[in-house]
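Trainee: Could you take me closely through one part of this model, a sheet together with the helices packed against it, and tell me how the pieces are arranged?

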Amino acid sequence: METPNLFHYATSELSQDAIICWLLAWADARHAASNPALHRVGTKFLALIYKKAGLETPASPVTMEVKRQHDKIDILCIINGETALIVEDKVRTKQHSDQLPRYKECASKIPSIRQVVPVYLQTGDQCDYSEVVKHGYTVLERREVLLVLEEEIVAMTGGQISDILTDFLQNLRCIEDEVQSYLAFRPASWPWKAWSGFYTSVQNQLADGNWDYVPNPSGGFMGFWWHFKGDDGVQPYLQLEQEKFCFKIWVKVKDHAKRAEIRNRWHDVLMAESKKHGISLGRPPRFGNGAYMTVAVLDGEYRLTDAKGLVDVEATCDLLRKAGKFLDACCA
């Protein structure tokens with residue numbers, strides 16, 4: 001039976017803010033004697049941040065003044081009185097509005113601050129960090145935190161072991177294992193988070209696409225979309241809707257009759273061309289009439305598997321590339 005974990009209940013970003021503040025506070029040299037193991041973890045975490053940012057870790061002894069929600073900054077850490085480390089902390093959500101540049105500006109206006117080190121910590125999953133990087137933030141992901149801090153848990157013994165740290169890392173490990181479980185389970189048995197891992201792998205291999213949760217009245221799905229073609233009026237593209245492989249179009253025109261005409265024409269084109277390219281397509285269960293419409297679906301399972309029945313990502317991506325070339329031919 002799984003033992004209770006604090007972070008199965010403390011699931012909010014505010015709870016994670018607290019643990020990150022706690023870890024950074026332990027990096028202060030003044031706490032080295034009170035608990036050497038936690039001080040070592042704190043300094044390792046601080047060193048990880050600086051290394052990822054391409055900066056030299058501050059020389060010891062280090063002083064840390066840690067604040068939470070200062071001018072709405074999730075975590076503000078004043079290091080040696082002159083460096084402002086700001087951490088935008090995310091559990092599942094993403095950046096929004098102008099928060100990232102605003103936090104940097106607020107930190108730079110603090111008296112005595114000579115350097116601002118902005119960090120974007122994501123312990124959930126996110127498909128695109130381009131906006132984060134554009135604003136000068138260093139991205140720190142869940143697996144990087146685990147790689148460094150799990151080593152410290154192994155090194156802890158006896159009274160040095162911290163239940164808080166152990167629970168935090170075990171919770172992150174559970175998330176990471178579920179995200180990577182697409183490699184361990186047969187496709188029909190994938191848990192929800194496995195789709196994030198699978199789509200991330202596909203995105204890396206194709207060097208294209210975006211993925212996210214897509215809400216709808218029937219409960220929503222995890223989607224992956226890529227290979228947009230066409231022009232400003234009509235754009236055909238490809239989309240995975242978990243088990244379904246959809247050929248879709250985006251239509252700018254708002255007139256329902258014209259939308260239906262464009263949809264039907266694209267359906268006919270795809271069905272006719274599919275026979276020439278050896279691709280088996282079918283009609284979707286229902287035709288929509290919105291701006292985004294499915295015009296055909298691939299017959300059968302697109303997630304190709306190996307001899308053990310596990311997904312073969314490389315072979316699957318070859319199939320996806322073939323579908324892209326087929327769509328190119330339909331647009332020619």
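Mentor: What follows is a description of one sheet, then of the helices beside it. The model is predicted, so local features are taken only at pLDDT of at least 70 and side-chain atom pairs only at pLDDT 80 or more, whereas totals for chains, interfaces and linings use all residues. Residues are numbered from 1 along each chain as its sequence is written, and side-chain values use heavy atoms, with hydrogens and water left out.

The part I have chosen is an open sheet of five strands, in the order β1-β2-β3-β4-β5, whose pairing is mixed (strands are DSSP runs of E of at least two residues, helices are runs of H or I of at least four, both numbered from the N terminus; two strands pair if DSSP finds at least two bridges between them). At its edges stand β1, residues 64-70, and β5, residues 138-141, each of which pairs on one side only. From one strand to the next, the twist averages 25 degrees (angles run from 0 to 180 degrees between N-to-C directions, with axes fitted as lines to C-alpha atoms, for helices over the stretch in contact).

Towards the β5 edge, strand β4, residues 115-122, pairs with β5 in the parallel sense over four bridges, and in this region Tyr120 stands opposite Val139 of β5. Helix α4, residues 99-108, lies across β2 (73-79), β3 (83-90) and β4, and runs at about 155 degrees to β3. Helix α6, residues 142-155, also packs on the sheet, where it touches β4 and β5, and its direction makes about 65 degrees with that of β5 (contact means heavy atoms within 4.5 Å).

Helix α6 leads us on to a further helix, α7, residues 163-179: the two axes come within 10 Å and cross at roughly 135 degrees. That angle makes α6 oblique to α7, because angles under 35 degrees count as roughly parallel, over 145 as roughly antiparallel, 65 to 115 as roughly perpendicular and the rest as oblique. The crossing in which α6 passes α7 is left-handed (the near helix is turned anticlockwise from the far one by less than a right angle; clockwise would be right-handed). On the α6 side the contact is made by Arg142, Arg143, Val145, Leu146, Leu149, Glu150 and Ile153, and on the α7 side by Leu165, Thr166, Leu169, Leu172, Arg173, Ile175, Glu176 and Val179. Helix α6 thus has the sheet strands β4 and β5 among its contacts, as well as helix α7.
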